[in-house]
Amino acid sequence: MKEPIISIEHVYFQYPEQADYALEDISLNVYRGEWLAIVGHNGSGKSTLAKMLNGLHYPQKGSVTIGGTLLEEEQVWEIRKRLGMVFQNPDNQFVGTTVQDDVAFGLENNGIPYAAMKERVQDSLQKVGMLDFLNQEPHHLSGGQKQRVAIAGVIALQPEIILLDEATSMLDPRGREEVLQTVRQLNEEQHLTVISITHDLEEAARADRIIVLNQGAVHTVGTPKEIFQMNEELIQLGLDVPFSVKLSDKLRSQGFSIQQNYLTEEELVRELWISNFKK
């Protein structure tokens, strides 16, 4: 049986200036070792939920438990040891003059001894493929490289969970692919639990499971294949389906033998070749 690492039970949250709840009766589990994507249009509640998981907001009703610790003001620093957050703009996270200084910053604040800190810095940069940039100045890096360093700074603190808050939205396609490959590798090899908050369903397609939020509530939960069968419904919710899914539909309507909607262009090309062109 899967073990929940995060349990959210009947959570409500309302901003003072708004009449409606930003989160309304939200209940969900995040399971240890999974990659969960939380998607929704602007105003769906996903950013509020991300801030709550990092202890920037607290439930007004209901409860949030992370790694067995109840989210409340007295426990917030314990929660932040368990969950590391990577933000949208990597430039806003850099504080060191070199890559290694930046990764070491959080460790110094936590009083990690120098020898252990040096080992953790090198190990975390190795895991994200950035060890060769140890003494590089951060502003010389590409967007994707900056985000990989930001991820290294988080995993150096050895959290159980990493939360990506629109962490690829400002990157070009190459940078986005670098970051997503890094996240998948950490998820599979280090068994790190990943939560991806995003509006990009092509990013969400990489996850093991997707939760769709709408108007502050959980609308649907399922695997990527299950979610992308809701093609028209997703569009009505203000979400755009991945290009490969749109193309699968279009090709099927033109008479091509395509059995399902494919989540990646590589899968679609393989199916086209096997079913329609290979002799």
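# Notebook: buried aspartates, bridges and cores

**Entry 1, aspartate 102.** I began with the surroundings of aspartate 102: leaving aside neighbours within four places in sequence, I found it in contact with Gln93, Phe94, Val95, Gly96 and Val149. This is a predicted model, so I read each contact as part of a prediction. Aspartate 102 belongs to helix 3, residues 99-109. Which side chain of opposite charge is nearest to aspartate 102, and how far away is it? I found lysine 146, 11 Å away; aspartate 102 is buried and has no salt bridge. I then looked for a polar partner, and the side chain of aspartate 102 reaches the backbone nitrogen of valine 95 at 2.7 Å. Valine 95 is also among the contacts I noted at the start.

**Entry 2, aspartate 165.** Next I turned to aspartate 165, which sits in strand 7. Aspartate 165 is buried as well and lacks a salt bridge. Lysine 51 is its nearest side chain of opposite charge, at 7.0 Å. I listed its contacts, again without neighbours within four places in sequence: Ala50, Met85, Val86, Phe87, Gln88 and Ile197.

**Entry 3, salt bridges.** After two acids without a salt bridge, I went looking for the charged pairs that do form one. How many salt bridges does the model hold? My count is 13.

I picked out glutamate 160 and arginine 82, whose side chains meet in a salt bridge with an N to O distance of 2.7 Å. Glutamate 160 is in the loop between helix 5 (143-155) and strand 7 (161-165), while arginine 82 is in helix 2 (residues 76-82), so this pair ties together parts that are 78 residues apart in sequence. With a relative accessible area of 26%, glutamate 160 is partly exposed.

For contrast I checked a pair within one helix. Aspartate 123 and lysine 127 form a salt bridge, with their closest N and O atoms 3.0 Å apart. Both lie in helix 4 (residues 114-127), four residues apart, which is about one turn of the helix. Are they buried or exposed? Aspartate 123 is partly exposed at 37% relative accessible area, and lysine 127 is partly exposed at 25%.

My next pair was aspartate 200 with arginine 176, where the closest N and O atoms are 3.8 Å apart. Aspartate 200 lies in the loop between strand 8 (193-198) and helix 7 (201-204), and arginine 176 in helix 6 (residues 173-189), so the bridge ties together parts 24 residues apart in sequence. Arginine 176 is partly exposed, at 22% relative accessibility. I also noted that salt bridges sharing partners join Glu3, Arg32, Glu78, Arg82 and Glu160 into one network.

**Entry 4, nonpolar cores.** Which residues touch the most other members of the largest nonpolar core? I found Ile151, Ile162 and Leu234, in a core of 48 residues. Helix 5 gives the most to this core, with six residues. I followed up isoleucine 162: beyond four places in sequence, its contacts are Gly84, Val86, Ile151, Val154, Ile155, Leu192, Thr193, Val194 and Ile195. A separate core has 29 residues, including Ile6, Leu28, Val64 and Leu83.

**Entry 5, the antiparallel sheet.** I traced an open sheet of four strands in the order 2-1-4-5, with antiparallel pairing. Its edge strands are strand 2 (23-31) and strand 5 (69-70), each paired on one side only. Strand 1 pairs with strand 2 over six bridges, and serine 7 has asparagine 29 in strand 2 as its bridge partner. Five bridges join strand 1 to strand 4, and I saw isoleucine 8 opposite valine 64 in strand 4. Strand 4 (residues 61-66) pairs with strand 5 over two bridges; here isoleucine 66 partners threonine 69 in strand 5.

Why do I call strand 1 largely enclosed by the rest of the structure? Seven of the ten residues of strand 1 (residues 4-13) are buried, so the strand is largely enclosed.

**Entry 6, leucine 36.** My last stop was leucine 36, in strand 3 (residues 35-39). Leucine 36 is buried, at 0% relative accessibility. Not counting residues up to four places away in sequence, leucine 36 touches Val30, Val194, Ile195, Ser196, Ala207, Arg209, Ile210 and Ile211. I also took a distance to leucine 56: the two leucines are 20 residues apart in sequence and 20 Å apart in space, C-alpha to C-alpha.

Note on methods:
Residues are numbered from 1 along each chain as its sequence is written. This is a predicted model: local features need pLDDT of at least 70, side-chain atom pairs count only at pLDDT 80 or more; totals for chains, interfaces and linings use all residues. Side-chain values use heavy atoms; hydrogens and water are left out. A salt bridge is a side-chain nitrogen of Lys or Arg within 4 Å of a carboxyl oxygen of Asp or Glu. Buried means under 20% relative accessible area, exposed over 50%, partly exposed in between (1.4 Å probe, protein chains only). A nonpolar core is a set of buried Ala, Val, Leu, Ile, Met, Phe, Trp, Tyr and Cys residues joined through side-chain atoms within 4.5 Å. Contact means heavy atoms within 4.5 Å. Lys and Arg count as positive and Asp and Glu as negative; His and the chain ends are not counted. A polar contact is a pair of N or O atoms within 3.5 Å; within protein, one must be able to donate a hydrogen and the other to accept it, and residues adjacent in sequence count only if both atoms are side-chain atoms. Two strands pair if DSSP finds at least two bridges between them.
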